[in-house]
Amino acid sequence: MNFPVGTEGDAITVFTTRQDTLFGATYMVLAPEHELVDKVVPAAWPEGTHEVWTGGHATPAEAVAKYRAFAASKSDVERQADAKEKTGVFTGVYATNPVSGEQVPVFIADYVLMGYGTGAIMAVPAHDSRDFAFARAFHLPMRCVVEPSDDRGTDTTTWDDAFSSYEAKLINSSNEEVSLDGLDVAGAKARITGWLATRGIGEGTVNFRLRDWLFSRQRYWGEPFPIVYDEDGIAHALPESMLPLELPEVDDYSPRTFDPDDANTSPETPLSRNEDWVNVTLDLGDGPKKYRRETNTMPNWAGSCWYELRYLDPGNDQRLVDPAVEQYWMGPREGQPTGGVDLYVGGAEHAVLHLLYARFWSKILFDLGHISSAEPFHKLYNQGMIQAYVYRDSRGFPVPAAEVEERDGKFFFEGEPVKRELGKMGKSLKNAVTPDEICDEYGADTLRLYEMAMGPLDVSRPWDTRAVVGQYRLLQRLWRLIVDESTGEVTVVDVAEADIDEATLRALHKAIDGVRQDLDGLRFNTAIAKITELNNHLTKAAGPVPRSVAERLVLLIAPLAPHVAEELWRKLGHTDSVVHQDFPVADPAFVVDESVTCVVQIKGKVKARLEVSPSISDEELEKVALADEKVVAALDGAGIRKVIVRAPKLVNIVPA
Amino acid sequence: MSETNSAAASEVAAPHRYTAALAAEIEARWQDFWDAEGTYEAPNPSGDMAARNEAEAALAAKPKKFIMDMFPYPSGAGLHVGHPLGYIATDVFARFQRMTGHNVLHTLGFDAFGLPAEQYAVQTGTHPRVSTEANIENMKAQLRALGLGHDKRRSFATIDPDYYKWTQWIFVQIFNSWYDADAKKARPIADLVAQFDSGDRAVPGSTRAWSELNAAERADVLSQYRLAYASDAPVNWCPGLGTSWPTRRSPPTADPSAATSPSSRPSCASGTCASPPTPTACWTTWTRWTGPRPSSCSSATGSAAPKAPA
């Protein structure tokens, strides 16, 4: 977007990701080398210029020249490293904030680099920490335009740092044509971008913050490069017939080390020490010649850039992947125009680099015609993390979590008080619990159920070994519904569907309907809750369970607890595996509630509850409500001004 | 005491109760059954994994679902209960998809190159392959005990030469490609050579024709177009450790245990990790698709973190 500056129609163009905070832009900063500086610097300081802004110089031109010399003496690295100490100087000129019309001072400062973005920024000190520090140092105004969600208030003079969270609403952000007040950050961005575009002041753009990818490592344990250099130093790729180029044996796996202060050294790779491997005579098509092998290896990331393709056709030694096989598993289809893996699940920590690299390789393979999917992954899902309590002693060292005792809400290890905090799980934190331990104590099916029941899959959750037993009990009750604990005999009875009591059929079909939707939507915790509810219903019913109900219950839990499901399926008389059975389908007639509770309010207070059909009409519900004894009594003969009906759950009566 | 007694008494009264011992017996038996029957093997439409019988042919005729986890690094520490959260979730989802009419591909490999095995090798002399393969076996046993329905025929490790043959092959494809900004796609470098040769495209930085350039000059020109290219890039170089490391990362550490200890940041002997970035022969690949490739690859390793736009 453009900020008009000077008298000759010039404008400072900035790139920003926080256009929503435009009303809070109270000054601007150009890189010292910015070309506009010379053009706009005035002959004298404007009246009332704060002395901190001038750096003690007599004229803006002098200040700019001195500051440039100072900045030029530092490298970009130093300029970034000195981030804490804010330096800069006023150019003597003001720009116009395009949305508020305010005059904002234009500074030059070395924390803005010419080689990045446009070499100019709009500074929003209330909502950017670097701008905040600069503004404090130079007594520049701040305006809060994003309402802090913590308890600091909107008076920026009392703040210790910028408020930069996206989880908040816009304030103080309106002019005669556009208002962002009350919008969230995303909504405000969209609205202001649209406004700027229609006014020709700015436009939305996508800025890829991509850099070239340094792809070699001076390591042993990686893929060797299939590259050799000829006697002129020209790199040649090895033909497919010479692949794989296997990692050679070496005597020493470590890179050579040098005097730490000797900068005039350069990496010596482990592979370079195997001279017999490095220097080879090869025929690359124009007769045998001497070559020298590349001795760097590929980075860790290389192997994960294309592994989805190898799963499809893992034994293929003739080509990367058979095209028919690749098209079957990953090719584009309806609803998936770019093809790819249907569902890819992993931690958010890999969301940037691995996915970027994998897409890069995939796109090249697609462009060259080796694969039919333009994207490797159709849908990505980041699961949450299992956290664990870390207990630390008075010195801050973790103590074995399993040996900590809890007394009256306090925690002790070997009699000494310890502090509890929620953190990661790991050996070094002495709080790791292994799946093997839980399998030994309860079984794998219990562990599976517990992990899936802990909460929504995308939310991090604390591990609690003591809570695992809850899912163990669920499996015990399920088992007991079907198997006699003293004889081992199956206790189910054959009952015709029509003879099963309606309450059981309703519980069954509601569970089937809910579990189906939940499993499809990766909502495993709520699926388990619904299975538990059905299990409890059948336990309470206390009689032998109809075979068809027991079978469907087993099928419902089969994806979650496959071993016990296989065992019960076998006990119920089946000779095949439960794995490829059809998942139960709900009968819609039993899914709908037969009645729902309707609340009747008079003047906003609940006066009666009615059991009504879920499909009751507004008119019918109004009639039933007005005829209800309690309602009649509560109205006590008063007339009615208005009845608001939201069938089937609410009737609101406003008396005259 | 009394609790233990009553628990023991009820065990006697209920010899067929679902207990940890019974669960262990059931689980081991079904895991063996699934392996023996190949229950989770998903047929391909053709080739060496095509349907072997009628049941598999019926499966192959169904709509497919390809469900995948981010594969693990086979750490020597093995798994804790936090690791399998995603694997269990995809397994439940995959099983549900199998029961709703899909041919499901679900398996798990190992991302097995990596620094820990190399550091262990430096310390103990054990070949990284030996320790890595032992870790893989250990992890496979742990995962098997969870009852995950993986097509085990399809598992592999990235350190298998059969696998990294193709990693290398893809690298060669990238090396032998250039980005055609007009077509907005990667194309074989041979197409570019043909353009230079025919004169359809001028040789950059030269008034001479392609046929007048010698091999080294041609290689230099092509190097400016290749999607993977070697160049002298400034990297952060630490003589004390004998390693360099890429952009914006902490220096590596010689002591693997130090990496996990919050109090000791990795550092070089002198405290500052050397010297300004040092030009070193590096392989770089070009991930940018939106503009011309810079003439120097210094941006690949730029060590400054510029101010993010406000």
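**Exercises on a predicted model**

**Exercise 1.** In this predicted model, which residues does A:Ile482 touch, not counting residues up to four places away in sequence?

*Solution.* Setting those sequence neighbours aside, A:Ile482 touches A:Glu489, A:Val490, A:Thr491, A:Val492, A:Ala550, A:Val554, A:Leu568 and A:Leu572. The next step is to place A:Ile482 in the largest nonpolar core, which has 162 residues and in which A:Ile482, together with A:Trp361, A:Trp463 and A:Phe524, touches the most other members. A second, separate core holds 65 residues, including A:Met28, A:Ala71, A:Phe132 and A:Leu183.

**Exercise 2.** Determine how helix H13 of chain A is oriented relative to helix H17 of chain A, and which residues make the contact.

*Solution.* The axes of H13(A), residues 469-482, and H17(A), residues 562-571, come within 11 Å and cross at roughly 5°. Because angles under 35 degrees count as roughly parallel, H13(A) is roughly parallel to H17(A). From H13(A) the contact draws on A:Leu475, A:Leu478, A:Trp479 and A:Ile482, and from H17(A) on A:Val564, A:Glu567, A:Leu568 and A:Lys571. Sorted by class, this contact has 6 nonpolar, no polar and 2 charged residues.

**Exercise 3.** Describe the side chains of strand S1 of chain A and the pairing of S1(A) with strand S2 of chain A.

*Solution.* Along S1(A), residues 2-5, the side chains alternate: A:Phe3 and A:Val5 point to one face and are buried, whereas A:Asn2 and A:Pro4 point to the other and are not. S1(A) runs antiparallel to S2(A), residues 10-13, and 4 bridges join the two strands; A:Val5 stands opposite A:Asp10 in S2(A). Finally, the two strands form a hairpin with 4 residues between them, and A:Gly6 in the turn has a positive phi of about 75°.

Technical notes
Residues numbered from 1 in each chain as written. Chains lettered and ligands numbered in written order. Predicted model: local features only at pLDDT ≥ 70, side-chain atom pairs only at ≥ 80, totals over all residues. Heavy atoms only, no water. Axes fitted to C-alpha atoms, helices over the stretch in contact; angles between N-to-C directions. Parallel < 35°, antiparallel > 145°, perpendicular 65-115°, else oblique. Contact = heavy atoms within 4.5 Å. Nonpolar A, V, L, I, M, F, W, Y, C, P; charged D, E, K, R; others polar. Core = buried A, V, L, I, M, F, W, Y, C linked by side-chain atoms within 4.5 Å. Buried < 20%, exposed > 50% of the residue type's maximum accessible area, 1.4 Å probe, protein only. Pairing = 2+ DSSP bridges.
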